Amino acid sequence: MASTGNRYSDEVKDFARSIYKQSPETNTYEKVGIAVSEKFDFPKALGKSTIGDWIKNGAYAKRASERNKEYRSTIEGMINKRLHDFKDKQKMRSDIVEMLPNRHETVLELIRDRLKDVKGRNRMLATTYIKYWEEHRGLEKISDTEWRLPCGICGDEVIITPKGADMQLDHITPHSRGGTSEPSNILPIHKKCNQSKTNMTLEEYAELTSKVSKYLEKKWQK
Ligand SMILES: [Zn+2]
């Protein structure tokens, strides 16, 4: 396979792979969420109080709310909040996508459509992106209805079909953090990998996964 010119660190990929190995029935996205919640104990602490306790014990609620605020100002808190909010919604959405008939006949149509949502694209042609991915990211067109390339986060293959159910276009450096929409900054990756990265930069994502990885290693050794 051609060089992918991958900028994601080996640490991130090793982490994602090790998670799949350890627990194939749970995806990285859920596993990171579980590990983070266990480590920081915040959702557990809330889970223990009943609604009655919650109302009666104003001090506890206040403490929890302060802890919540502090927690969510960290990278760990930010990702966990996202995971919590999006997990159920995403599951529902992907179930719906699976049931829907194809909106597109070919992958090219799908990519053209998806690129319309890429912010600040300046009307760059879809073919410009596709050519870049072929040359630098290892994109291979198998047929009109199946393209593939290695995921920039976990390294496993992303298979792109006209449904595009398992693929999202990622701003490698998030648009909200100053990332451009040049072809070099846009990459098709797994939906679940995009969700666990959220709007972190690669450096922040690497830092988080390294922390979670160390934590899980310790936990699984016991
Ligand atoms: Zn992936």
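## Close-up views of a predicted model

The mean pLDDT of this predicted protein model is 71, and 54% of its residues reach 70 or more. Here is a short tour, view by view.

**View 1. The whole chain is built from ten helices and five strands.** Let us begin with the full picture. Of the protein's 222 residues, 25% count as buried. Take the contacts between residues at least 6 apart in sequence: 65% of them join residues at least 24 apart.

**View 2. Confidence changes from one part of the model to another, with strand E1 having the highest mean pLDDT of the elements, 97.** At the other end of the scale, helix H3 (residues 42-48) has the lowest mean, 38. Two stretches deserve a careful eye. Over residues 19-31 pLDDT stays under 50, and the model has 16 contacts beyond four places in sequence for them. Residues 33-60 also stay under 50, with 24 such contacts. Where pLDDT is low, the predicted coordinates should not be read in detail.

**View 3. Three strands form an open sheet in the order E1-E2-E3, with antiparallel pairing.** Strand E1 (140-143) and strand E3 stand at the edges with a single partner strand each, so one side of each has no neighbour in the sheet. From one strand to the next, the twist averages 25°.

**View 4. Strands E2 and E3 make a hairpin, with six residues between them.** In the turn, Gly155 has a positive phi of about 85°. The two strands run antiparallel and are joined by four bridges. To follow the pairing, look for Trp147, which stands opposite Ile160 of E3. Another pair to find is Arg148 and its bridge partner in E3, Ile159.

**View 5. The side chains of E3 alternate between two faces.** Which residues of E3 are buried, and which are not? Val158 and Ile160 point to one face and are buried, while Glu157 and Ile159 point to the other and are not. This fits a general pattern: in a regular strand the side chains alternate between the two faces of the sheet.

**View 6. Helix H7 has buried residues at Val107, Leu110 and Ile111.** Seen down the axis of H7, the buried residues fall within an arc of 95°, so they line one face of the helix. Their cover includes helix H8, strand E2 and strand E3.

**View 7. The largest nonpolar core holds 18 residues.** Those touching the most other members are Val107, Cys151, Ile153, Val158, Ile160, Ile189 and Cys193. Helix H7 (107-115), helix H8 (126-136), strand E2 (146-150), strand E3 and strand E5 (186-190) each give two or more residues to this core. In soluble globular proteins, nonpolar side chains tend to be buried together. Zoom in on Val107: beyond four places in sequence, this residue touches Asp144, Thr145, Trp147, Ile160, Thr161 and Pro162.

**View 8. Thr161 lies in the loop between strand E3 (157-160) and strand E4 (167-171).** Is Thr161 buried, exposed or partly exposed? Thr161 has 18 C-beta neighbours inside 10 Å, so it counts as partly exposed. Which residues does Thr161 contact, leaving aside neighbours within four places in sequence? They are Val107, Thr145 and Glu146. Also look for Ile111 in this view: 50 residues separate Ile111 and Thr161 along the chain, and their C-alpha atoms are 9.9 Å apart.

Terms used. Residues are numbered from 1 along each chain as its sequence is written. This is a predicted model: local features need pLDDT of at least 70, side-chain atom pairs count only at pLDDT 80 or more; totals for chains, interfaces and linings use all residues. A residue is buried if 20 or more other C-beta atoms lie within 10 Å of its own, exposed if 12 or fewer, and partly exposed in between; C-beta atoms are placed from the backbone. Two residues are in contact if their C-beta atoms, placed from the backbone, lie within 7 Å. A nonpolar core is a set of buried Ala, Val, Leu, Ile, Met, Phe, Trp, Tyr and Cys residues joined through C-beta atoms within 7 Å. Two strands pair if DSSP finds at least two bridges between them. Axes are lines fitted to C-alpha atoms, for helices over the stretch in contact, and angles run from 0 to 180 degrees between N-to-C directions. pLDDT is the predictor's confidence in each residue, from 0 to 100. The arc is that of the directions from the helix axis to the C-beta atoms.
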